[in-house]
Amino acid sequence: MISLFRPADSEDEFSRAVAEFLADGGGPVPVWTGGRPDLVASLDLAAGLYSSPRRPPVCEAGVVVGELPASIREFARPAARSWTTGAAGVRLPVSGSLLILGRYENLTMAAIGPALVEAYRTGRDVFLLTGRDPQSISWAVAKQYAAVAADGATGLFTDLDTQPLPSPVPAGDEPVYLDARTVGGADLTRIASERIWKRVLVSGHGTEDSINLGAHTVCGLSPVARPGQPGPSCAHGRGCHKPEDKLVPAHRMRTAELVLGGCDSGALADLATYGPDHQLLLNAIDGPAQTVVAGISMHQSARVENLRWLEAAEGDGATARLLNTALLTMHPYPSFVQAGLPSSAYPHAVPADAGRSRPDRPAPADRPAGSVHALAARAHAFLLPGMLSAAHPLRAEFERLGELIEAGAVRTVTGLAGPRAEFLRAAEQGGTDLDAAIARRLAERPDDPLSEFPRYFGDRSRVDPAEAVNPPCVLCGRPAWQYPRHGFTPRIPLTTAHVCLSCGPVGYWMDGGPRLHSRADPTVTAGGTLRIEATVAPERPGPVQVGLLLPWHVRAAISPPVHSLPAGGAGPVVFEVRFDPSAPPQEHHYTVFGVQDLALSLLRCPFAVLPPGEA
C-alpha cells in the first residue's frame with residue numbers, strides 16, 4: 001500500500017524535503033522520523049487511512065511558542081495567514097481562528113490559557129500543532145496535508161451511557177456504537193486498531209494516562225517511554241493496573257479524528273501530574289490521527305456531548321468548540337482542546353477557513369425554556385399545604401404537570417434537539433391544558449381556592465415600602481399603590497398588588513401573569529344586560545384564558561364564561577352579563593381573570609345594579 005508520507009532520518013534531510021514539498025505542491029509529505037521508530041510505524045498505519053493529499057485549512061493567525069527548527073516553522077506556514085512569536089504571551093487575533101505551534105512542554109496554561117479562555121467565551125477556534133519533540137511536531141504538521149479515505153467509519157465507544165442511540169441515528173452513516181452494556185464484551189483492542197475509521201470518540205472515566213472502557217483501557221504509554229518519569233504503576237515497573245491484554249494504545253488507533261473524552265486526557269504541561277511519556281494526548285498525536293481532541297481538566301461530558309458530536313458528521317471539524325459549546329452551561333472554563341486542524345473526516349473542512357469569524361456565539365439550548373421553568377415553579381406553588389385540598393379536582397393535574405417537567409428537565413433531554421423539542425411540546429401543551437381547566441373551574445366555582453391566591457400567597461409574603469410606586473389607578477385614574485410581595489420561602493411566587501384608596505384592591509397578578517384592563521357601564525338595571533369588554537397584555541405570545549367572575553348572590557348569567565385567546569391574541573373580548581329581575585339593587589364587583597402558564601391575574605371592577613324601571 002502506497003503511503004502519502006516520506007520519512008526523513010535527519011533534520012537536514014527533512015529540511016530539504018520540506019522545501020521541495022512546498023515548492024512543488026505535491027509528492028510525498030515529509031516527516032522527520034530520525035531516532036523515532038514508533039513514528040515510522042505510525043506512517044505505516046496511516047498508509048490505508050489517508051488516500052490523497054489536501055490543502056490544510058487556513059487559520060487567520062498563527063503563533064510560534066518557544067524554539068523550533070526553522071524547517072518545522074516553514075512546514076506549518078501555509079496553515080495560517082500571518083505568523084508571530086508568543087514570547088510575550090499568546091492572544092487571539094482580532095477576528096478568526098488561532099493556530100498555536102510549539103513543543104508540548106511550552107504549551108502551558110500560563111502561556112496559552114488566556115487565549116483558550118477568551119476563545120471559549122466568544123466561541124472562537126484555537127488549534128494546536130504540538131508534540132513531545134520536533135519529530136512528533138513534524139508528524140503532527142504532516143498529517144494536516146492528508147485527506148482521509150472515503151470508506152472510513154465512525155465509532156462511539158462509551159462507558160458512561162447505557163442507552164441506545166436515538167432513532168434515526170443523528171449521523172450520515174450508521175456508527176459503530178458500544179456503550180456500558182456492550183463495550184465490556186467486545187474485542188475493543190482489535191476493533192479500534194485494525195479497522196480504518198474517519199472519526200472515533202471514546203468516553204469514560206480516566207485521567208492523563210488512560211480512559212476506562214469497561215475492562216478495556218485506552219492507554220497513553222508511549223513506545224519510547226523513558227524510565228524515571230512520573231507516571232502510573234507501569235512507570236515504576238509494576239505493570240498496568242488493568243488487564244494488559246485489553247489495553248488499547250492511543251497511538252495504534254487508525255482514525256483521522258480521535259476524541260479522548262475522559263477528564264485530564266489533554267492536560268497542558270503545567271497542569272499535568274505525569275510526564276510526557278504517559279500522556280494520552282501526546283501518545284495519540286504520535287499515532288495516525290491528524291486531529292486529537294482531549295479534555296484539559298475535569299469536565300462532565302457525556303451522552304449530550306457524544307450525540308452532538310455524532311450530529312456534526314457534516315460539520316466544519318472544529319470539534320473542541322463544538323464540545324465546549326455543549327458544556328457552556330456546565331463549566332465556566334474551557335473543557336476541551338484540539339490538537340490538529342479540522343480533520344479531513346469533515347466535508348466542510350476543505351477548503352476551509354477555520355473559524356474565521358465567530359464573534360456572535362449563540363446561547364446554548366441545553367436548559368428548559370423560561371416558560372417551562374416557570375410552569376414547574378407555579379405548579380409546585382399551588383400544591384403547597386393549605387392551598388388545594390387532596391380532594392380538589394385539579395390537584396392531580398398540577399402534580400402530573402410538575403412531575404412531567406421535573407422528569408424531563410435534565411441535560412440528556414434538554415441538551416439534544418429532538419428530545420428537547422418533544423419535552424417542550426409536552427410541557428407547554430400540559431400547561432395550556434391546565435390553564436383551560438383552571439379557567440373552567442373558576443367560571444364554575446368563583447369561590448374556588450385558586451381565586452384566593454392573593455390572600456394565600458400574600459399571607460406568606462412581605463412588602464418592602466421602598467419598592468412601592470404610585471401609578472394611576474387603572475379604574476379611576478387617581479394615584480394608586482402598586483407593590484411587589486416577596487415570598488417568605490422560595491416556593492411562594494412573587495405577586496404584585498394594585499390598590500386604590502378609592503376603588504379598593506383593584507388588581508393582583510402572579511409574576512408572569514397577563515395584565516388585564518376592562519371597560520363597562522357603571523350601572524345596569526335588574527333584568528337587563530351589562531356588556532363588559534376586556535383586553536389582555538400577555539407575558540408571552542402564547543394562548544391565554546380570560547374569564548369573568550361574579551359573586552353567586554348577584555343572580556346573573558355570563559356569556560361566555562371564558563374566552564380562549566390563541567397565541568398572539570390580546571382581545572378585546574366581550575362578556576354579556578344578563579341579570580335576573582330579582583338581582584339585588586346595590587353596589588357589586590365583577591372580576592376579570594386571566595391565566596397563562598399557570599400564572600393567574602385578577603382585576604376587580606365596581607358596578608351597580610339598579611331596581612327595575614330605574615335608569
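This passage describes the sheets, a helix, the nonpolar cores and one buried loop residue of a predicted model.

The account starts with the ten-stranded sheet. Here 10 strands form an open sheet with mixed pairing, in the order 5-4-6-7-18-17-16-11-9-10. Its edges are strand 5 (83-85) and strand 10 (176-178), each of which pairs on one side only. From one strand to the next, the twist averages 20 degrees. Helix 9 (residues 319-326) packs on this sheet and touches strand 16, strand 17 and strand 18 (336-339). The direction of helix 9 makes about 175 degrees with that of strand 18.

Within this sheet, strand 16 (residues 255-260) deserves a closer look. Six of its six residues are buried, so strand 16 is largely enclosed by the rest of the structure. Strand 16 runs parallel to strand 11 (residues 197-203), and five bridges join the two; in this pairing, W197 stands opposite T255 of strand 16. Strand 16 also pairs with strand 17 (residues 291-295), again in the parallel sense, over four bridges. There V259 stands opposite V293 of strand 17. Together with helix 7 (residues 280-285), strands 16 and 17 make a right-handed β-α-β unit. Elsewhere in the sheet, strand 4 (residues 61-65) and strand 6 (residues 98-102) run parallel and are joined by five bridges, with G62 opposite L99 of strand 6.

A second sheet has four strands. It is open, its order is 12-13-14-15, and its pairing is mixed. Strand 12 (206-207) and strand 15 (247-249) stand at the edges with a single partner strand each, so one side of each is left without a neighbour in the sheet. The partner of strand 12 is strand 13 (residues 210-213), and these two pair in the antiparallel sense over two bridges. In that pairing, G206 has I211 of strand 13 as its bridge partner.

Helix 2 (residues 37-46) offers a clear case of sidedness. Its buried residues are D38, L39, S42, L43, L45 and A46. Because these residues cover an arc of only 160 degrees around the axis, they lie on the same side of helix 2. An α-helix has 3.6 residues a turn, so residues three or four places apart point the same way. P37 and D44 are exposed on the other side of helix 2. The buried residues of helix 2 pack against strand 1 (5-8), strand 2 (29-32), strand 3 (50-53) and helix 5 (134-142).

Turning to the nonpolar interior, the largest core has 53 residues. The residues with the most contacts inside this core are F5, Y50, F75, L101, W139, V141 and W309. Leaving aside residues up to four places away in sequence, F75 touches F14, V18, F21, L22, V29, P30, S138, V141, A142 and Y145. Another core, of 39 residues, lies apart from the largest one and has A381, A427, L450 and L598 among its members. In soluble globular proteins, nonpolar side chains tend to be buried together.

Finally, A526 sits in the loop between strand 24 (523-525) and strand 25 (529-537). A526 counts as buried because its relative accessibility is 8%, and the cut-off for burial is under 20%. A526 and P611 are 85 residues apart in sequence, yet 5.6 Å apart in space, C-alpha to C-alpha. Not counting residues up to four places away in sequence, the contacts of A526 are D580, P581, A583, V609, L610 and P612.

Methods
Residues are numbered from 1 along each chain as its sequence is written. This is a predicted model: local features need pLDDT of at least 70, side-chain atom pairs count only at pLDDT 80 or more; totals for chains, interfaces and linings use all residues. Side-chain values use heavy atoms; hydrogens and water are left out. Buried means under 20% relative accessible area, exposed over 50%, partly exposed in between (1.4 Å probe, protein chains only). The arc is that of the directions from the helix axis to the C-beta atoms. Contact means heavy atoms within 4.5 Å. Two strands pair if DSSP finds at least two bridges between them. A crossover is right-handed if, with the strands pointing away from the viewer, the path from the first strand over the helix to the second runs clockwise. Axes are lines fitted to C-alpha atoms, for helices over the stretch in contact, and angles run from 0 to 180 degrees between N-to-C directions. A nonpolar core is a set of buried Ala, Val, Leu, Ile, Met, Phe, Trp, Tyr and Cys residues joined through side-chain atoms within 4.5 Å.
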